[in-house]
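Here's a quick walk through one model, written for someone who would rather see angles and contacts than adjectives. Have the structure open while you read.

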Amino acid sequence: MTKPIYIYDDSLLKYRFSSTHPFNQMRVKMTTDLLTMSSQLNEADIIKPRDATDAELGLVHKQDYMDAVKQAGEGRLSPEKMESYGLNTDDTPSFEGMHEKSRMLVGATLTAVDAVMEGRAKKALSLAGGLHHGFSGRASGFCIYNDSAVAIEYMRQKYNQRVMYIDTDAHHGDGVQWIFYDSNEVMTYSIHETGRYLFPGTGSLTERGTEEGFGFAVNLPIDAFTEDESFLEIFKETLEAAIIKFKPDILFSQNGVDAHYRDPMTHLSVTSNTFEEIPRFVNEMADKYTDGKWIAVGGGGYNLWQVVPRMWAQIWLAMNDIPPLRGRLPEAFITKYESKCPVDFPVLWEDDFSDYDDIPRRRDINEKNRSMLSRAMLHIEDQ
């Protein structure tokens, strides 16, 4: 049986808006170091990514938008034009070589796709991807090119695959959803914090797709301050039901970890317990329903030091059927990063809960979530 593969190269860290921007791909390197230093990832597991071609980007992105990204990255696009394409905003500021550095992330995801589709592995992880807010002709929410959407359309056209897209980021996976909103060959599934409080403000229960795609968009908007038990109840019950209904050939998951209670940009209250369980359940679903085929990418996660590396490491462990690790992190990892960390550096694989606040509205939140779950299940069964 072929082992899972891990897509990584230091060149992927070049996607960087500024030194103060919250989207920092150093988290990908830190996760890679954590896995390597804990002897869970070795050189033979790692494949270097290729760049995506313009033709591949053009599977979902408009030519005028790609031209604008190129020009913006060379300092040749007017402020008015940049604004019209969602470029050089506070969220998505322009930077030098933007097109080249963005297509590298897409290429990394496509490297994972080809490895699985060509039978070199059943499962592949590319943490540099997961930029789910990018639209066909506009940048949004830290995302220039939408690697997930490109990869899904690439699988659909080149390999004739029915793709189940699973998004567990705290922010709604709007870009991917809208690109496939009228398709019945792709199902988009997103469990996220309700848009009442959080960007991008979409992802309501009633967003179900249009035309041939009606019923093929599944949204689970959960209440702010949702905790582990409620999150996992909704996730497990709806995901398996949606997979059974859709009958995908492959699972493609976006693994934002910004639902963690320590993330500074969202209002959910889940812990390492949930981030250990999410990829294990997806792995189980892949083994049960798609002959083990599963491609995973990264996504949101803005607490670089205390959250992302430990949570993302769980995806690789799950892919390899390795139980969650417990206790102290590798000393080499602690030595390398603790002195650079401006906050309390976590030294355990699991959360220590020293700063976990009790949620006073727990019962009300859980009841609201159960009500939403009941309606969502009716939608799925009616699909």
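What follows goes through helix pairs, single helices, a few loop residues and some backbone oddities in this predicted model.

**Two helix pairs**

Start with H1 and H10. H1 covers residues 26–37 and H10 covers residues 308–319; their axes come within 9 Å and cross at roughly 60 degrees. That angle makes H1 oblique to H10, and the crossing is right-handed. On the H1 side the contact uses Arg27, Val28, Met30, Thr31, Leu34 and Leu35, while H10 brings Val308, Pro309, Arg310, Trp312, Ala313, Trp316 and Leu317. Sorted by class, the residues of this contact are ten nonpolar, one polar and two charged.

Now for H8 (residues 228–246) and H9 (residues 272–289). Here the angle is about 15 degrees and the axes are 11 Å apart. H8 is therefore roughly parallel to H9, since angles under 35 degrees count that way. The crossing of H8 and H9 is right-handed. From H8 the contact takes in Asp228, Phe231, Leu232, Phe235, Lys236, Leu239, Glu240, Ile243 and Ile244; from H9, Asn273, Thr274, Glu277, Ile278, Phe281, Val282, Met285, Lys288 and Tyr289. The class split for H8 with H9 is eleven nonpolar, two polar and five charged.

**Helix by helix**

How far does H8 reach from its first C-alpha to its last? The answer is 26 Å for 19 residues, close to the 27 Å expected at 1.5 Å a residue. Just past its end sits Lys247, with a positive phi near 60 degrees.

H5 (residues 98–117) has 20 residues, so at 1.5 Å a residue a span of 28 Å is expected; the end C-alpha atoms are 29 Å apart, which agrees. H5 is mostly covered, with 17 of its 20 residues buried. Gly119 follows H5 and has a positive phi near 85 degrees.

H6 (residues 147–159) gets a similar check: its 13 residues should span 18 Å, and the end C-alpha atoms lie 17 Å apart, in agreement. Is H6 mostly covered or mostly open? It is mostly covered, as ten of the 13 residues are buried. Those buried residues are Asp147, Ser148, Ala149, Val150, Ala151, Ile152, Glu153, Tyr154, Met155 and Tyr159. Right after H6, Asn160 has a positive phi of about 55 degrees.

**Residues outside the helices**

Glu227 sits in the loop between E6 (217–222) and H8. At 11% relative accessibility it counts as buried, because the cut-off is under 20%. Setting aside neighbours within four places in sequence, Glu227 is in contact with Ser269, Val270, Tyr356, Ile359 and Arg362.

Gln306 is in the loop between E8 (294–297) and H10, and its relative accessible area of 12% makes it buried. In sequence, Gln306 and Cys341 are 35 residues apart, yet their C-alpha atoms are 8.9 Å apart in space. Leaving out neighbours within four places in sequence, Gln306 is in contact with Arg262, Val343, Asp344 and Pro346.

Thr2 belongs to the segment before E1 (5–7). With 36% relative accessibility, Thr2 counts as partly exposed. What does Thr2 touch, not counting residues up to four places away in sequence? Gly119, Arg120, Ala121 and Lys122. The C-alpha atoms of Thr2 and Arg120 are 6.7 Å apart, with the two positions 118 residues apart in numbering. Gly119, then, is both a contact of Thr2 and the positive-phi residue following H5.

**Backbone oddities**

Two loop residues that are not glycine have positive phi values. Ser39 lies between H1 and E2 (46–47), and Asp291 lies between H9 and E8. Ser39 is exposed, and so is Asp291.

| Residue | Phi | Relative accessible area |
|---|---|---|
| Ser39 | about 60 degrees | 65% |
| Asp291 | near 55 degrees | 54% |

Finally, there's a cis peptide bond. It joins Phe199 and Pro200, with omega about 5 degrees. Pro200 is in the loop between E5 (186–193) and E6, and E6 is the strand that comes before the loop holding Glu227.

Notes: Residues numbered from 1 in each chain as written. Predicted model: local features only at pLDDT ≥ 70, side-chain atom pairs only at ≥ 80, totals over all residues. Heavy atoms only, no water. Axes fitted to C-alpha atoms, helices over the stretch in contact; angles between N-to-C directions. Helix = DSSP H or I, 4+ residues; strand = E, 2+ residues; numbered from the N terminus. Parallel < 35°, antiparallel > 145°, perpendicular 65-115°, else oblique. Left-handed = near helix turned anticlockwise from the far one by under 90°. Contact = heavy atoms within 4.5 Å. Nonpolar A, V, L, I, M, F, W, Y, C, P; charged D, E, K, R; others polar. Expected span 1.5 Å × (residues − 1). Buried < 20%, exposed > 50% of the residue type's maximum accessible area, 1.4 Å probe, protein only.
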